[in-house]
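Me: I am new to this structure. Please take me through one part closely and then show me where that part sits.

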Amino acid sequence: MASVEIHNLSIQFGHNEVIKDLSLNVVDGEFLVLLGPSGCGKSTLLHSIAGLIDVSAGRIDIGGTDMTWADPTDRNIGMVFQSYALYPTMTVERNMSFGLRINGTPKAEIERRVNRAAEMLQLQSLLHRKPSQLSGGQRQRVAIGRALVREAGVFLFDEPLSNLDAKLRAELRRELKLLHKNLCSTMVYVTHDQVEAMTLATRIVVMRNGKIQQIGAPADVYEKPVNLFVAGFLGSPGMNLLTGKLGLSSSGKSVFLSGKLALDVSCYPITTVLKQEKEVTLGIRPENLLIHTSGEWQGTVSVIEPMGNHHVVWVDFGGTLLSSVVTGDLAFCVDEIVRFNIDVAKISLFDNTTEQRL
Amino acid sequence: MTGNTAPKPPMRRPMRLNPARIGVYAFLLSASLFFLMPLYIMLVTSFKSMDEIRLGSIFAFPVSITVEPWVAAWSSACTGVSCDGIRGGFWNSMWIVIPSTLFPILLGALNGYALSFWRPRGSQVLFGILMMGAFIPVQVMMFPLVRILATMGLFGTLPGIVLIHVVFSMPVMTLLFRNYYLSIPQELFKAARIDGGGFFRIFVQLMLPMSTPIIIVAAIMQVTGVWNDYILGLVFAGRDNLPMTVQLNNVINTTTGTRLYNVNMAATILTSMVPLIIYFVSGRWFVRGIAAGAVKG
Amino acid sequence: MAITVIVAYMGTVLWSLKISFTNSRTFPSDDWVGIAQYERLFNNDRWMLSLQNLALYGVLFIAACMLIGFLLAVFIDQKVMGEGIFRTVFLYPYAMSFVATGLVWQWMLNPGNGLQQAVRQMGFENFTFDWIIDQDMVIYTIVIATVWQASGLVMAMLLAGLRGIDEEIWKAARLDGIPTWRVYVSIVLPMIGPSVATVFVLLLTAVVKVFDSVVSMTQGGPGTASEVPAKFIMDHLFGRANIALASAGSIVLLLTVAALVAPILYARSRAARKEALK
């Protein structure tokens, strides 16, 4: 088990500065997920922790030791790749033991480690097969096994589930969560899938264009996104966004105004004191938009998407489509007029110009 | 380690130029010398006078550069009976190469197209036999082919040698085009058939325009292969149509009297010029051609 | 039209086969003599020498080309500067005809004016490199010349294979701490097995067909020291007017190719069928 400390990291490819002055602390034993769209630098960051990419400035400490220039083998890490990268001409057993063999680990020790990993990942019956004879999920487990036998302090995962179909992905997600619980090792995981991030992480790091947007527990990042980008990236369907103005009502309370909507937002903790009217965007998650017969506002139902255990209802409110998540039976159909409430305790307000949370 | 700014990393990145890398470059450079040496010697010899050659070292740069050997090679070297230089061979080779490239490409494309999309019954077997044909040593077929061509009145004629080249190129050309067409999605072909296209229609209007890359590769392979051919030209071309390679060998190996090494080297370069120029200009495609041909079987 | 070509191939082979069983000299005759020609063939010193030469040449040529080609490919794969230039330099000999290659090397290995003379002029008075006129050594000169020509091709094909290897396998190996040379030997080489097999087959067919280089470089000499089967057959077909003997020789050549190539092709088609069934 080890912590990872990244200080002022910068990585450049040619003239392109992919990561600029990034600092991050990975706590010992946590499952940290690097989340972001393609090209945001998350994979690059992971590879630099692994030592597979050179840094142009900054420092990386693993387990308290400066590893900025150390060889990947000496960093006390294990890594699982997106395409599994299994050695195709070797059996599963050999795949897992090859690295240890080359480095002179005694035979008994190799056997112990391979067996332990095989047991944890249910690979015992597959030890003598070659990768071409395995299914995608099995190959993934072997890749994890190969990383496990290194008995490293930190495990790195580079989008390991993206080559699997949806059902397998869900299954392996649960297995990974279980693995983390049993091993209690530090794990750094890269993905662009926010569902994976939410379910697996102890903390999520949302990245964009080489910069960290927000770090926090899944609940925090989900409920209190720090800017519009993070708000839009997490959650499916995405957060409802309404542009409007934030001002003071006659009684001195802060109000959000947008078209027909006038919402008393005085319970919202605004950090800066309002001097004048501000252009803002209001965000509210679909599950906090409650369709209710005695709702304050009304709109027309435009589209209903049945999802099996819930419905996503799209309501036309003055030209904007707002989504709402409804469980149970529906008391209405398309083109009907419905009334809804907005749970003011759960809103987010963003400055229109800076896109930051107020 | 409590500083606010990152301290300079203690271990500097190992220098790029470690012993292993030096070894790599050393190997590659010495190999390059080995590969370039003959070219250098060819060029250098062709610009020297015979006296210089006799007295000097084969590696020496010419003291006084002369183009006389080149002129002699082109227009007055003796290629057997006549002494008109190797230029006759140049034009002969041109006349042989051009049709010997166009026809096999067309036929190879048609064959490859038929085999990969239409897949008539027994086409796998047909293809297998065609491929095996590529392995048959040419000597086995030599005499029967001579007789056949003689009966058709084509032995020793230009059409005759072209026909021979076409026949011998079929396996490789078909393989090339078939493999290329296999990488084109079947859906495209099916859509065209639904649109009402027939065998030739689809070929001419859909497949041929899409085949530019492989046609370039096939052309390079064919031009190089036919231009550099010796044995088929020797046997089938006839005295009036001898390709440059045959004439070159005649110039150098069948001279009586003193051997004019500088003329010989000039003639060699002249003969190799066409394929070498194609190679240097189209390097990328050349390599692609090799890789394509390498997906054999 | 494909059928015509196939008929041409099979027909000519069968015709040659028939001739080999007759006593045809300049023109085909129909006098059946059974395997007499084959017996004559194997009692013929020149033919036996040509077979010996072919075997020796074959082994050396293929081994050298594979080794040099593989090393060149591996070293170029190390992300060197000027990769394009190196590739061009190693591959250009393949663009030249066998005849041209033979002629250049004949000139270079000429004892009086070539390498031997040049090195002597540099001060090494006793340097000898007259293999090309030495009966025992001449076959090695042909090996040198043709290896020079073909190694680049082997390099190009193996390099294509090397480049097809997933970058992530390299990353995984780096993480496992496996030294580069070991990666090539234990992981990469098995992975490019099919490419290697293809190259091997290609080289094999080239060996059996070797003719142009011998004719241009040594004319089979000195004497008959560098005789090869292809040349023997051609000489007897045309110069020495003994069609039957030549045909017998060519059939033997065909059988040799078949015996060498068939097992490899069979093994590959079996592997391909196993892949398809999965």
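Reply: Here is a close look at one hairpin, followed by its surroundings.

This is a predicted model, in which local features need pLDDT of at least 70, side-chain atom pairs count only at pLDDT 80 or more, and totals for chains, interfaces and linings use all residues. Residues are numbered from 1 along each chain as its sequence is written, while chains are lettered from A and ligands numbered from 1 in the order in which they are written.

Start with strand E12 of chain A, residues 254-258. Its partner is strand E13 of chain A, residues 261-264. They pair in the antiparallel sense, over 4 bridges. (Strands pair if DSSP finds at least two bridges between them.) One bridge joins Phe256(A) to Leu263(A) in E13(A). The hairpin leaves 2 residues between E12(A) and E13(A). Gly259(A) is in that turn, with a positive phi of about 60°.

Now the domains, whose bounds come from an automatic or database domain assignment. Domain 1 of chain A covers 4-233, and domain 2 covers 240-351. Their centres, taken over C-alpha atoms, lie 39 Å apart. Domain 1 of chain A brings 6 residues to the contact, and domain 2 of chain A brings 5. (Contact puts two C-beta atoms, placed from the backbone, within 7 Å.)

Last, the whole chain. Chain A has 8 helices and 20 strands. These are DSSP runs, numbered from the N terminus: helices are H or I with at least four residues, strands E with at least two. The C-alpha trace of chain A spans about 80 × 45 × 35 Å along its principal axes.
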